[in-house]
There are 4 protein chains.
Amino acid sequence: MSSSLGVLFRISTFGESHGGGVGVVVDGCPPRIPLSVEEIQFELDRRRPGQSKITTQRKESDTVEILSGLNEEGLTLGTPIAMLVRNEDARSKDYGEMKEKYRPSHADFAYDEKYGIRAWQGGGRSSARETIGRVAAGAIAKKVLKLGWGVEVLGYVERVKDIEASIDPLLVQLEQVESNIVRCPDPEAAERMLDLIENVRKEGNSVGGVVGCVARGVPAGWGEPVFDKLEADLAKAVMSLPACKGFESGSGFAGTYLTGLEHNDAFRAAAAPQGQGTGDEGLVTNMPETQAHVFTTSNNSGGIQGGISNGMPVLIKAAFKPTATVMREQDTVNVQRENTTLAGRGRHDPCVLPRAVPMVEAMVALVLVDHALRQKAIL
Amino acid sequence: MSSSLGVLFRISTFGESHGGGVGVVVDGCPPRIPLSVEEIQFELDRRRPGQSKITTQRKESDTVEILSGLNEEGLTLGTPIAMLVRNEDARSKDYGEMKEKYRPSHADFAYDEKYGIRAWQGGGRSSARETIGRVAAGAIAKKVLKLGWGVEVLGYVERVKDIEASIDPLLVQLEQVESNIVRCPDPEAAERMLDLIENVRKEGNSVGGVVGCVARGVPAGWGEPVFDKLEADLAKAVMSLPACKGFESGSGFAGTYLTGLEHNDAFRAAAAPQGQGTGDEGLVTNMPETQAHVFTTSNNSGGIQGGISNGMPVLIKAAFKPTATVMREQDTVNVQRENTTLAGRGRHDPCVLPRAVPMVEAMVALVLVDHALRQKAIL
Amino acid sequence: MSSSLGVLFRISTFGESHGGGVGVVVDGCPPRIPLSVEEIQFELDRRRPGQSKITTQRKESDTVEILSGLNEEGLTLGTPIAMLVRNEDARSKDYGEMKEKYRPSHADFAYDEKYGIRAWQGGGRSSARETIGRVAAGAIAKKVLKLGWGVEVLGYVERVKDIEASIDPLLVQLEQVESNIVRCPDPEAAERMLDLIENVRKEGNSVGGVVGCVARGVPAGWGEPVFDKLEADLAKAVMSLPACKGFESGSGFAGTYLTGLEHNDAFRAAAAPQGQGTGDEGLVTNMPETQAHVFTTSNNSGGIQGGISNGMPVLIKAAFKPTATVMREQDTVNVQRENTTLAGRGRHDPCVLPRAVPMVEAMVALVLVDHALRQKAIL
Amino acid sequence: MSSSLGVLFRISTFGESHGGGVGVVVDGCPPRIPLSVEEIQFELDRRRPGQSKITTQRKESDTVEILSGLNEEGLTLGTPIAMLVRNEDARSKDYGEMKEKYRPSHADFAYDEKYGIRAWQGGGRSSARETIGRVAAGAIAKKVLKLGWGVEVLGYVERVKDIEASIDPLLVQLEQVESNIVRCPDPEAAERMLDLIENVRKEGNSVGGVVGCVARGVPAGWGEPVFDKLEADLAKAVMSLPACKGFESGSGFAGTYLTGLEHNDAFRAAAAPQGQGTGDEGLVTNMPETQAHVFTTSNNSGGIQGGISNGMPVLIKAAFKPTATVMREQDTVNVQRENTTLAGRGRHDPCVLPRAVPMVEAMVALVLVDHALRQKAIL
């Protein structure tokens with residue numbers, strides 16, 4: 001069951017980096033949602049290797065097939081939606097040494113300890129290729145959130161190593177994120193990040209950083225205390241991504257440097273603007289039109305209080321470590337538990353951040369849509 | 001189901017801050033474990049309010065009763081263990097204003113939006129009092145981990161606002177943590193933290209900080225990719241604690257400032273020390289005595305690689321925001337959605353960190369024991 | 001997790017026959033439902049031993065306490081509702097021999113094999129006393145079904161050994177069921193059942209039979225293919241009751257003697273009667289008033305087709321074996337695995353059927369309310 | 001989540017009768033199990049339509065592809081095993097009328113009520129074609145049970161309408177079951193069943209009956225009270241099969257005609273036969289060789305006591321209603337809720353029993369292997 005996530009909108013991924021293919025079954029998608037293979041493919045193309053010079057040159061078209069769950073008009077049936085992407089371009093020769101040696105800071109050793117067996121070609125199940133199923137499912141989650149509640153989920157690269165971007169999560173748009181290959185909506189910072197990544201790639205080294213994500217339009221009431229709090233489920237979903245080492249909700253670690261008086265988000269009421277704002281007002285939805293809107297004047301809570309969305313934009317951040325595969329000789333052990341060395345070969349990303357953006361969006365969307373459905377069962 | 005956590009070692013908490021009581025049902029505890037009410041009470045006393053001058057002066061003895069799951073000799077039966085702590089000392093008059101006004105950065109508003117009703121006395125279900133059930137269950141989890149695998153879970157205050165302690169997670173001992181009321185094993189830092197907390201308390205203000213936690217002796221193989229990775233489940237469990245805003249596994253956010261070559265943990269093999277080390281070697285367990293031991297020379301992975309423990313100490317950190325209740329007038333709205341102000345009353349912690357230590361330990365122990373049992377089903 | 005049942009309306013029971021007490025935590029009950037301790041106690045009194053001469057004379061008042069989940073006005077908060085019934089009147093001396101010998105057709109031997117330990121006094125967790133938690137939770141489920149959807153769940157004794165009652169499940173009323181101590185709404189059959197039970201009791205023997213249960217007013221659309229079909233979840237819930245050996249939905253085993261043409265339920269449409277019928281029409285609900293009502297002219301489907309309710313009354317039957325405890329010497333083995341004999345002692349029901357009626361109702365109600373909430377999340 | 005079943009060995013099926021294909025993801029299969037596509041195909045061929053004159057003539061080869069979860073040597077990796085069977089031979093013209101009219105005693109109407117949409121071609125998700133995923137997963141479950149515990153699961157047709165076979169569940173062999181197209185190991189009864197099915201087919205009518213299933217070699221200790229009792233999980237799994245209306249464990253409904261003294265299974269101990277018997281002794285396993293073996297002299301418990309296996313053969317029965325599709329005009333309503341009539345067209349089984357045998361075996365095996373793994377976590 002460890003390859004499944006979600007309660008009412010539940011996904012189950014499958015597949016290794018080398019073998020028949022990878023994919024996902026989405027169980028619990030609401031019926032009567034129009035869905036096209038192009039919408040899924042759009043997100044997969046954002047995740048795909050070989051998009052640009054700073055991502056791995058592994059060439060795979062990652063073409064998705066929808067196997068079930070739609071009728072002939074492309075409407076969801078309320079039944080499981082299975083999606084499959086075939087594997088191609090497996091250069092096993094690149095991986096020969098990996099059969100004998102454990103790559104440092106990779107999952108090889110731990111898999112062998114756990115299962116007593118491991119797919120040594122390309123990382124097997126621990127490969128980032130597994131996230132194809134997540135991103136495909138996330139595309140559906142985004143569509144349901146958009147159609148059902150007008151919610152928009154958008155990720156972006158906030159920081160690469162020590163290069164920090166300036167981003168307003170309330171205003172940032174998809175076009176800005178997609179305007180450069182780093183997926184950083186601050187053009188000047190993007191330029192510097194690009195230079196840095198290019199340099200570490202040439203050195204056979206790698207870097208990490210921080211992906212931010214905002215969900216705008218989330219109504220108050222999503223999240224289920226005490227264990228399935230919205231930030232707890234978001235943390236689990238995002239921390240389950242490969243290379244993710246840290247998670248923040250709202251003010252996160254930075255908020256711990258403030259006092260309570262500085263950190264607290266004051267509530268205010270306003271008769272004002274109709275519709276769902278995306279600006280400072282972050283207006284609370286699902287209430288009678290005649291009621292005043294409630295908002296907070298700051299958003300250190302990141303749109304979540306007591307584990308429940310409060311109507312303000314939901315804000316999270318995720319730390320991704322520098323790519324473990326580097327093209328330089330490193331100390332390690334072999335499967336006979338003898339000391340040896342290993343240098344990375346093959347095609348790898350010097351920085352996972354740009355491709356991590358659609359992954360983080362997918363995980364956030366999957367958690368949100370699950371809680372949206374759970375809240376429907378309560379109201 | 002949102003008040004339950006875990007797969008094979010599953011806890012279900014119940015109870016509000018005011019009402020009959022709070023407690024927990026632990027389902028899936030292994031049979032034939034000796035368990036005493038004193039062991040549970042020990043952990044509850046660490047969590048209890050009124051322990052010291054820097055914790056809330058609310059006076060509750062928090063005496064636990066074990067209702068089921070043990071035989072007359074105090075051995076677990078393999079059946080659910082229910083534990084109950086009665087509520088006392090409810091000063092409802094302190095909370096009168098809370099019926100009408102939403103406390104800033106508290107869960108009041110979100111609960112009303114979600115459920116259309118809320119227990120306004122003392123926070124109800126969103127009160128930190130709910131964690132009594134977690135800590136009681138965590139005491140059992142710790143016992144099982146100790147007896148079954150020799151695993152020790154220990155938390156400590158690492159930072160209060162900007163006062164940072166110097167702690168070696170491989171060596172720190174419970175006695176050092178408990179040697180002062182801040183639960184910071186660095187005596188000099190503890191002194192300064194204490195002064196700071198005292199000062200903010202006098203000002204009616206509050207502070208937050210960071211709790212660290214180490215699990216020593218965890219064998220390689222715990223954690224279930226791809227969604228129930230060890231760090232993902234730890235993140236969810238810890239982020240479900242009240243006031244927690246951030247989570248890190250191993251190097252966390254700090255690790256994103258390193259390059260791959262700096263960050264990677266080199267594997268080494270050693271015929272060397274028998275038994276389970278707690279020092280730099282962090283030796284891998286569950287392998288034939290004749291096999292060489294494998295360890296890593298650094299531990300940026302925090303004992304987890306690919307979502308699975310690798311035999312090194314498991315290291316996590318959690319950010320706790322400054323207490324939302326402050327004794328000063330703040331802007332807010334009332335239940336009629338009109339602007340108003342509210343000042344905190346009653347007895348509250350100016351800093352939750354010292355009492356959060358046993359809570360974090362409990363959540364970490366609960367996740368570990370669940371994965372220990374899940375790994376038994378695989379081997 | 002094996003002591004929990006349900007997805008959105010989830011119960012977790014705890015407690016042994018001897019020890020602190022037994023109870024349940026209900027997680028996921030909708031908020032704002034008025035609930036009184038008397039409503040719970042009413043159902044517990046129907047389940048209680050010592051009600052009449054044909055039930056065990058064990059004297060326990062089984063007084064329930066609601067520990068959490070309600071506000072001071074008795075409204076549910078949407079948070080877990082914990083309920084506790086203390087144990088009393090434990091005559092351990094009656095059970096001394098049970099420590100050494102396994103009772104035939106009881107759970108003693110199997111528990112020892114599974115857990116390596118067992119609460120030998122009175123059956124421990126395998127005692128029918130465990131069902132107190134189920135019946136208490138079922139009382140809440142019934143209330144929610146009544147208030148939320150106008151659904152009524154009613155059980156009755158259909159057969160004791162070979163004495164069969166004549167019952168119309170569409171018309172039978174609670175008063176008829178409760179009019180005699182056998183809980184058989186056919187007074188003439190009830191009389192004969194009573195005589196039979198009295199006779200087997202005098203002989204130190206026991207009998208079993210069949211409990212039927214109808215749910216009237218269930219709207220079309222409840223049940224979740226392909227594994228959580230309504231009849232599948234009902235089967236699991238009912239078959240988890242002590243002593244239950246068989247389950248039928250609709251025509252059950254009898255239906256296998258018919259041909260398809262005889263067995264099929266023809267659909268018919270009628271502009272006719274408004275409101276929810278309980279007669280032959282069994283009218284489909286949740287549709288626009290202007291739409292014709294659809295019903296079936298027979299109900300071999302038992303109100304369920306393809307695992308989903310179709311708007312007709314839901315009908316199930318459950319087989320309960322003769323009570324395993326008999327007051328006569330029987331062959332068995334002791335814990336040293338030596339042949340020996342054992343005769344039942346203490347106070348036991350010669351026939352569990354009358355007390356099984358509220359248990360079956362509880363299980364049916366718990367499954368229905370869970371699926372009612374799950375359907376809310378879909379619509 | 002309603003298309004998933006199991007806790008530790010968890011399957012998720014997908015697919016409609018018409019569309020890309022049907023399949024399953026098996027999550028939690030133990031690692032290092034040798035598995036071949038032929039072993040899966042063998043069971044699918046037993047389930048396949050068009051096997052013989054008494055099964056539907058729909059022609060589909062039902063060729064399975066294993067997409068993931070195996071290494072290049074055919075060993076399981078401990079990761080999800082995805083399997084896919086493509087759809088072929090869809091004669092949509094046969095189904096045209098089904099778009100407009102609800103077939104009596106089929107799932108059409110209920111699906112429309114539940115989801116507001118339905119795949120009207122061939123039953124969509126409610127088609128028996130969905131069971132392909134179950135049978136493919138069941139083949140793996142059988143393999144794991146055989147290799148891990150020496151457990152054998154075998155089903156057979158016990159009764160067709162009123163023709164009852166004489167079968168000894170302790171001795172019956174797969175060859176006997178497969179020796180005729182009815183899958184009834186009593187050759188004389190099989191002959192008469194065949195005649196009956198042929199006759200009802202010619203009349204455009206249908207029949208149902210009872211499938212029995214035995215699991216031999218199940219050690220004592222499998223099953224998890226109080227809700228995941230072995231018979232409860234078996235009941236749910238089997239009752240979730242299309243057309244299943246009743247379930248019995250051990251003596252079932254017949255046992256309710258006995259007294260306790262007649263029904264109880266006496267325990268006996270014997271130093272005797274080593275190894276796991278399949279005869280009357282049904283010897284208890286997993287105990288020291290030096291210990292006496294415990295067995296029961298009768299097996300009305302069906303190998304399960306208190307929800308836990310007791311080491312005797314596990315025995316269950318399942319009632320399957322007569323096939324709903326008959327080639328004769330029947331009353332029904334159309335989607336406009338107007339009265340009309342409908343006659344079955346296309347190719348359907350006049351009796352599902354022969355093809356239900358591998359389905360029942362699959363469900364029993366899936367439940368058993370899940371509980372086998374759960375018990376490993378306890379011991």
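Begin by selecting helix 6 of chain A together with helix 6 of chain B, where the first passes the second in a right-handed crossing, a term used when the near helix is turned clockwise from the far one by less than a right angle, while anticlockwise makes a crossing left-handed. Helices here are DSSP runs of H or I with at least four residues, strands are runs of E with at least two, and both are numbered from the N terminus. Before going further, note that this is a predicted model, in which local features need pLDDT of at least 70 and side-chain atom pairs count only at pLDDT 80 or more, while totals for chains, interfaces and linings use all residues. Residues are numbered from 1 along each chain as its sequence is written, and chains are lettered from A and ligands numbered from 1 in the order in which they are written.

Stay with the helix pair. Residues 230-239 form helix 6 in chain A and in chain B, and the two pack at an angle of about 165 degrees with their axes 8 Å apart; the axes are lines fitted to C-alpha atoms over the stretch in contact, and angles run from 0 to 180 degrees between N-to-C directions. The two helices are therefore roughly antiparallel, the word for angles over 145 degrees. To see the contact, select residues including A:E231, A:A235 and A:M239 on one side and B:E231, B:A235 and B:M239 on the other, where contact means C-beta atoms, placed from the backbone, within 7 Å.

Next, select chain A alone, which holds 8 helices and 16 strands. Its C-alpha trace spans about 70 × 50 × 40 Å along the principal axes. Of its 379 residues, 67% count as buried, meaning that 20 or more other C-beta atoms lie within 10 Å of the residue's own. Among the contacts in chain A with a separation of 6 or more, 71% join residues 24 or more positions apart.

Now show chains B and D: a turn of 180 degrees, with a shift of 0.0 Å along the axis, lays chain D on chain B with an RMSD of 0.0 Å, using least squares on the C-alpha atoms of residues with pLDDT of at least 70 in both. The two copies are thus related as by a two-fold rotation axis. Of the residues of chain D, D:A377 comes closest to that axis, with its C-alpha at 2.3 Å.

How values were computed: A residue is buried if 20 or more other C-beta atoms lie within 10 Å of its own, exposed if 12 or fewer, and partly exposed in between; C-beta atoms are placed from the backbone. Two residues are in contact if their C-beta atoms, placed from the backbone, lie within 7 Å. Angles under 35 degrees count as roughly parallel, over 145 as roughly antiparallel, 65 to 115 as roughly perpendicular and the rest as oblique.
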